[in-house]
Amino acid sequence: MTVHEEHEVTATGPEAERLRRWRLVLGGGAADGTGCSLGASDSGMDRALEAVYGGDGHGGGSGGARGGGRPGGRSGGLGASAPHVSRWLGDIRTYFPSSVVQVMQRDAIDRLGLSSLLLEPEMLEAVEPDVHLVGTLLSLNRAMPETSRETARAVVRKVVAELEKRLAARTRSTLTGALDRSAKVNRPRHRDIDWDRTIRANLKNYLPEQGTIVPERLIGYGRAAQAVKKDVILCIDQSGSMASSVVYASVFGAVLASMRTLDTRLVVFDTSVVDLTEELDDPVGVLFGTQLGGGTDINRALAYCQSRISRPAETVVVLISDLYEGGIRQEMLKRVAAMKAAGVQFVTLLALSDEGAPSYDREHAAALAALGAPAFACTPDHFPEVMAAAIEKRPLPVPE
């Protein structure tokens, strides 16, 4: 690819920088109106952008100013060549920060159809790992040759470790507080009474004439604090559109499973149901145990979850799905109603990701809301607050 020759401009300072940025956005050519020439570094940046956002049809054609075609016959595209793509991946890391690199990688995969190249180990070693890349790798899991599998697991492991580092401490702290507030030990055994806190809580009941305190409220500790207080069931739709949600839910599942006061179960489903609870100590294993794509049978998944509930009043069920039901709609709604009537706290998340609400079945969402289970998209940073509200049995903090 070559960069169009452009007219020199005489602008300096902030005006020159503004023209430079517009030139990189618009992509050059007589029609861009900037008249700005590029230096060697900017020319390399321009070529990297052109490869994905060029306007000949190979680069997508509709994603902004670069997608409208070029008078000079320039064209985007990387071709189906691993060396070209690998070189391009190195270039964009040189010119752009990590957050931009991740966006450009995602656009290249989507616009240029490069998914198959991710099956090659050398390509996997060159990419910038992120949640969306993990989702793509999981969707290719069945087609992945054995030579690529360990490299793919290393990529997934790196992303999972970064997510755990970001999310684990705050999640444990938030939920521990909620569990403490929700636990009501009204009659602790004598050896489990925290006398210091009990005396402080009952000072208002001091009887001067008797020289004593009437302990109307006993506060316990010890064994009661270590007991399992809540059961949590994460029920995750593994259809292709839910890839990012599956990644985040698996990480949260591992974090929740590490808390002794929670008994956590993780269930994934499409038209079949798979219980991955035994894998919860290894979120990478959980992710490779999923099978992105296929149909959806929410009713069947909820039937399985319902059969595993032994303490309804102490159970939180989190359904993560876009609600496009391929099973029996009325049965699905009846199961949700029955669980709620039994005392289960039921949470419906249309997505657990940073992208907001995806396309979803609005009729089913409205029906669940009518049952007292509002469906909404949730970011990973907001998830601990949602879970804390469910544990404490207070209204869910639904985002505006």
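How far apart should the ends of helix α4 be, given its 15 residues at 1.5 Å a residue? Before I answer, please keep in mind that what we are looking at is a predicted model. For helix α4, which runs over residues 98–112, the expected span is 21 Å, and the C-alpha atoms at its two ends are 20 Å apart, so the expectation and the model agree.

Let me stay with this helix for a moment and ask which of its residues are buried. They are V101, M104, Q105, A108, I109 and L112. Looking down the axis of α4, we find these buried residues within an arc of 135°, and therefore they line one face of the helix. The spacing makes sense in general terms, because an α-helix has 3.6 residues a turn and residues three or four places apart therefore point the same way. On the other side of α4 we find S99 and D110, and these two are exposed. Just after the helix comes G113, which takes a positive phi of about 65°.

I would now like to turn to the aromatic rings, where a search of the whole structure finds 2 pairs. One of them is formed by Y95 and F96, whose arrangement is edge-to-face, with 6.5 Å from centre to centre and 80° between the planes. Within this pair, Y95 is partly exposed, at a relative accessible area of 24%, whereas F96 counts as buried because its relative accessibility, 14%, is under the 20% cut-off.

The other pair is F252 with F383, and here the rings are tilted, at 4.5 Å centre to centre and with 45° between the planes. Since F252 belongs to helix α10 (residues 243–257) and F383 to helix α15 (residues 383–392), the pair ties together parts that are 131 residues apart in sequence. As for accessibility, F252 counts as buried at 1%, and F383 likewise counts as buried at 1%.

My last stop is D231, a residue of strand β3, which covers residues 230–237. Is D231 buried or exposed? With a relative accessibility of 13%, D231 counts as buried. Its side chain nevertheless has a polar partner, namely the side chain of R311, with which D231 makes a polar contact at 3.2 Å. If we leave aside residues up to four places away in sequence, D231 touches D263, S310, R311, E314, T315 and V316, so R311 appears both in this list of contacts and as the partner in the polar contact.

Technical notes. Residues numbered from 1 in each chain as written. Predicted model: local features only at pLDDT ≥ 70, side-chain atom pairs only at ≥ 80, totals over all residues. Heavy atoms only, no water. Helix = DSSP H or I, 4+ residues; strand = E, 2+ residues; numbered from the N terminus. Expected span 1.5 Å × (residues − 1). Buried < 20%, exposed > 50% of the residue type's maximum accessible area, 1.4 Å probe, protein only. Arc of directions from axis to C-beta. Phe/Tyr/Trp six-rings, centres within 6.5 Å; stacked < 30°, edge-to-face > 60°. Polar contact = N/O pair within 3.5 Å; in protein donor to acceptor, adjacent residues only side chain to side chain. Contact = heavy atoms within 4.5 Å.
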